[in-house]
Amino acid sequence: MLEELKQGPIVVGLKQLKKALKDHAAQKVFLARDAESRLTAPIEAQCETDGIAVVWVATMAELGAACGIEVGAAAAATLK
């Protein structure tokens, strides 16, 4: 599942993800389970409203590594 983050255009981080959701550009969203729920809950709710699939990843470090960055990431998405 995380391989998708290495294959096409992506956004990494909450700010960029919120912009992609607003622009209806996000195809699939990835959220880290160990990120603060006050940050991920609104994203999850927006995805549910918009019919966008959400994939939960165990840790921010794992999500960051899948995105090709050396720090953790709370959220990422593949783009249409």
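**Stop 1: the cysteines**

Start by selecting the cysteines in this predicted model. How many disulfides does a search of the whole structure find? The search finds zero. Pick C47 and show its sulfur. The closest cysteine sulfur belongs to C67 and lies 14 Å away, which is too far for a bond. A disulfide needs the two sulfur atoms within 2.5 Å. Now go the other way, from C67. Its closest cysteine sulfur is that of C47, again 14 Å off and too far for a bond.

Turn on the surface and look for both residues. C47 is buried, at 0% relative accessibility. C67 is buried as well, with a relative accessible area of 13%.

**Stop 2: the sheet**

Hide the side chains and show the cartoon. Find the open sheet of four strands. Its order is 1-4-2-3, and the pairing is mixed. Which strands sit at the edges? Strand 1 (10-12) and strand 3 are the edge strands, and each pairs on one side only. Look along the sheet to see the twist, which averages 20° from one strand to the next.

Strands of a sheet pair through backbone hydrogen bonds, either parallel or antiparallel. Walk across the sheet and check each pairing.

- Select strand 1 and strand 4 (residues 75-79). They run antiparallel and are joined by three bridges. Zoom in on I10, which stands opposite T78 in strand 4.
- Select strand 4 and strand 2. These also run antiparallel, with five bridges between them. K28 has T78 of strand 4 as its bridge partner.
- Select strand 2 (residues 26-32) and strand 3 (residues 53-57). This pair is parallel, over five bridges. V29 has V54 as its bridge partner in strand 3. Further along, L31 stands opposite W56 in strand 3.

**Stop 3: the crossover**

Keep strand 2 and strand 3 on screen. Add helix 3 (residues 37-50). What do these three elements make? They form a right-handed β-α-β unit. Helix 3 lies across strand 2 and strand 3. Its direction is at about 150° to strand 2.

Select T40, a residue of helix 3. Is T40 buried or exposed? It is buried, at 4% relative accessibility. Show what surrounds it. Beyond its neighbours up to four places away in sequence, T40 touches L31, A32, A35, W56 and A74.

**Stop 4: the core**

Color the nonpolar residues. The largest nonpolar core has 26 residues. Those with the most contacts inside it are L5, L17, L21, V29, I43 and L63. Helix 2 (14-22), strand 2, helix 3, strand 3, helix 4 (60-66) and strand 4 each supply at least two residues of this core. Which element gives the largest share? Strand 2 does, with five residues.

Stay with strand 2. Why is it largely enclosed by the rest of the structure? Because six of its seven residues are buried.

Select V29 and display its contacts. Leaving aside neighbours within four places in sequence, V29 is in contact with L17, L21, I43, C47, I52, A53, V54, V55, A76 and A77. C47, from the first stop, is among them.

**Stop 5: A32**

Move to A32, which is also in strand 2. A32 is buried, at 0% relative accessibility. Show its contacts, leaving out residues up to four places away in sequence. A32 touches T40, W56, V57, T59, M60, L63, A73 and A74. T40, the helix 3 residue from the crossover stop, is one of these contacts.

Now draw a distance from A32 to T78, C-alpha to C-alpha. The two are 46 residues apart in sequence and 15 Å apart in space.

**Stop 6: L14**

Finish with L14, in helix 2. What is its relative accessible area? It is 18%, and L14 is buried because that value is under 20%.

Draw a second distance, from L14 to A76. These residues are 62 apart along the chain, and their C-alpha atoms are separated by 7.4 Å. Then show the contacts of L14, again skipping neighbours within four places in sequence. L14 is in contact with L39, I43, A74 and A75. Among these is I43, which also appeared among the contacts of V29.

Methods:
Residues are numbered from 1 along each chain as its sequence is written. This is a predicted model: local features need pLDDT of at least 70, side-chain atom pairs count only at pLDDT 80 or more; totals for chains, interfaces and linings use all residues. Side-chain values use heavy atoms; hydrogens and water are left out. Two strands pair if DSSP finds at least two bridges between them. A crossover is right-handed if, with the strands pointing away from the viewer, the path from the first strand over the helix to the second runs clockwise. Buried means under 20% relative accessible area, exposed over 50%, partly exposed in between (1.4 Å probe, protein chains only). Contact means heavy atoms within 4.5 Å. Axes are lines fitted to C-alpha atoms, for helices over the stretch in contact, and angles run from 0 to 180 degrees between N-to-C directions. A nonpolar core is a set of buried Ala, Val, Leu, Ile, Met, Phe, Trp, Tyr and Cys residues joined through side-chain atoms within 4.5 Å.
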